[in-house]
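Hi there,

Here is the structure I promised to pass on to you. Have a look at it first, and then read my notes underneath.

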Amino acid sequence: MTTGGSGIAHGFPHLDTVRAALTALFRRLSHDTVSTFPTSVLPVDVAFDDAEDIHLGAQRVARAMVHHLHLPDARIVLTFREMEHAATVELTAGPEYFIELNDRFRRHRKDIGAALAHEVTHVWLHRLDLSFPGTRDNEILTDTAATYLGAGWLLLDAYREHGPFSQKLGYLTPEEFGYVLAKRADFFDEDPSPWFTSPQAYDAYTAGRARSRQDAHRPPLAGAGLAARLRYAKDRRAAQARPRTTGPTAGPGGGYAFESAGPGTTLRVSFPCPACCQRIRVPVRGRLQARCGLCKTLLDCDT
């Protein structure tokens, strides 16, 4: 999980997997359960006093993560050792929690909360029986879930670059962490920006927020820009002119697809929900409102 400066990737290379993780989270939990995480882990919950015993302090922070994710309160066994990764956790049915942290955190205790956010979310996903195939995608799911449920902002804040020294925790790029955090901020109306201690983390959050806002300005959403609306209208005319055969006809690069159930049926358009990325299907009939059946977000559309 710890990456040197030359190896820190930027941009949005994992965005498809991140979006799939958001959808999977809502499908597995439901809107009502996701809504029980309205408040993020607060800085005071993970702060370390220099005089605090490192083992007792780490256990305190781990317990804060356990409580935040609504996991059972049980014994936490936490040790430090030299290792390649930032941390590891034993995935068992419980109820105990067995976590190992990289020995470097003895000197960088500020980032213990970030490492524990990832590892405790691993336990949460394991007990929820939610996973993606393959290590890479499963780690991306873990980072996405931790961030969206209010603990992963710490992973983004652990991203720092100071001259020859740089650090990033987690598998998402800094901008992808910002993207997920922006989705959470919109859903829960929560502004995480005052919590960042790393200026690079704040910059990554603003970049991710800009990318997230693009999702809400794509046709057939009513907030789409003029150029995108003109392209959508052209694709819609082409779809209406074709014989009504079953199967989707995708708009080039727009994220939407026109669909028909056959001759004599109403043309429909499908597109990803800007909140949870689940695909929504609505009839092509002008202005309308659609509510996502998964995350319950109400969307203004111009189909």
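Let me start with helix 8, which covers residues 174-188: at 1.5 Å a residue, its 15 residues should span 21 Å, and its end C-alpha atoms are indeed 21 Å apart, so the two values agree. Please keep in mind that this is a predicted model. Of the 15 residues in helix 8, 13 are buried, so the rest of the structure largely encloses this helix. Just after helix 8 comes Asp189, which has a positive phi, near 55 degrees.

Helix 1 (residues 15-29) can be checked in the same way. Its 15 residues should span 21 Å at 1.5 Å a residue, and the end C-alpha atoms of helix 1 are 21 Å apart, which agrees. Here 11 of the 15 residues are buried, so helix 1 is also largely enclosed by the rest of the structure. Among the buried ones are Leu15, Val18, Leu22, Phe26 and Leu29. What covers them? The cover over the buried residues of helix 1 includes helix 2 (31-34), helix 5 (112-128), helix 6 (135-148), helix 8 and helix 9 (199-215). Helix 1 is followed by Ser30, and the phi of Ser30 is positive, near 85 degrees.

One residue of helix 1 to click on is Arg19. Is Arg19 buried or exposed? Its relative accessibility is 18%, and the cut-off for buried is under 20%, so Arg19 counts as buried. Leaving out residues up to four places away in sequence, Arg19 touches Tyr179, Asp215, Arg218, Cys276 and Cys277.

Now for the core. The largest nonpolar core has 91 residues, and those with the most contacts inside it are Met65, Leu78, Leu101, Ile112, Leu116 and Trp124. Helix 5 gives the most to this core, with 10 residues. If you select Leu101 and set aside its neighbours within four places in sequence, you will find it in contact with residues including Ala58, Leu78, Phe80, Met83, Ile112 and Leu116.

Finally, look at how helix 4 (residues 54-68) meets helix 5. Their axes come within 9 Å and cross at roughly 45 degrees, and therefore helix 4 and helix 5 are oblique to each other. The crossing of helix 4 past helix 5 is right-handed. On the helix 4 side, the residues that meet helix 5 are Ile54, Ala58, Val61, Ala62, Met65 and Val66; their partners in helix 5 are Ile112, Gly113, Leu116, Ala117 and Val120.

Enjoy exploring!

Best wishes

How values were computed:
Residues numbered from 1 in each chain as written. Predicted model: local features only at pLDDT ≥ 70, side-chain atom pairs only at ≥ 80, totals over all residues. Heavy atoms only, no water. Helix = DSSP H or I, 4+ residues; strand = E, 2+ residues; numbered from the N terminus. Expected span 1.5 Å × (residues − 1). Buried < 20%, exposed > 50% of the residue type's maximum accessible area, 1.4 Å probe, protein only. Contact = heavy atoms within 4.5 Å. Core = buried A, V, L, I, M, F, W, Y, C linked by side-chain atoms within 4.5 Å. Axes fitted to C-alpha atoms, helices over the stretch in contact; angles between N-to-C directions. Parallel < 35°, antiparallel > 145°, perpendicular 65-115°, else oblique. Left-handed = near helix turned anticlockwise from the far one by under 90°.
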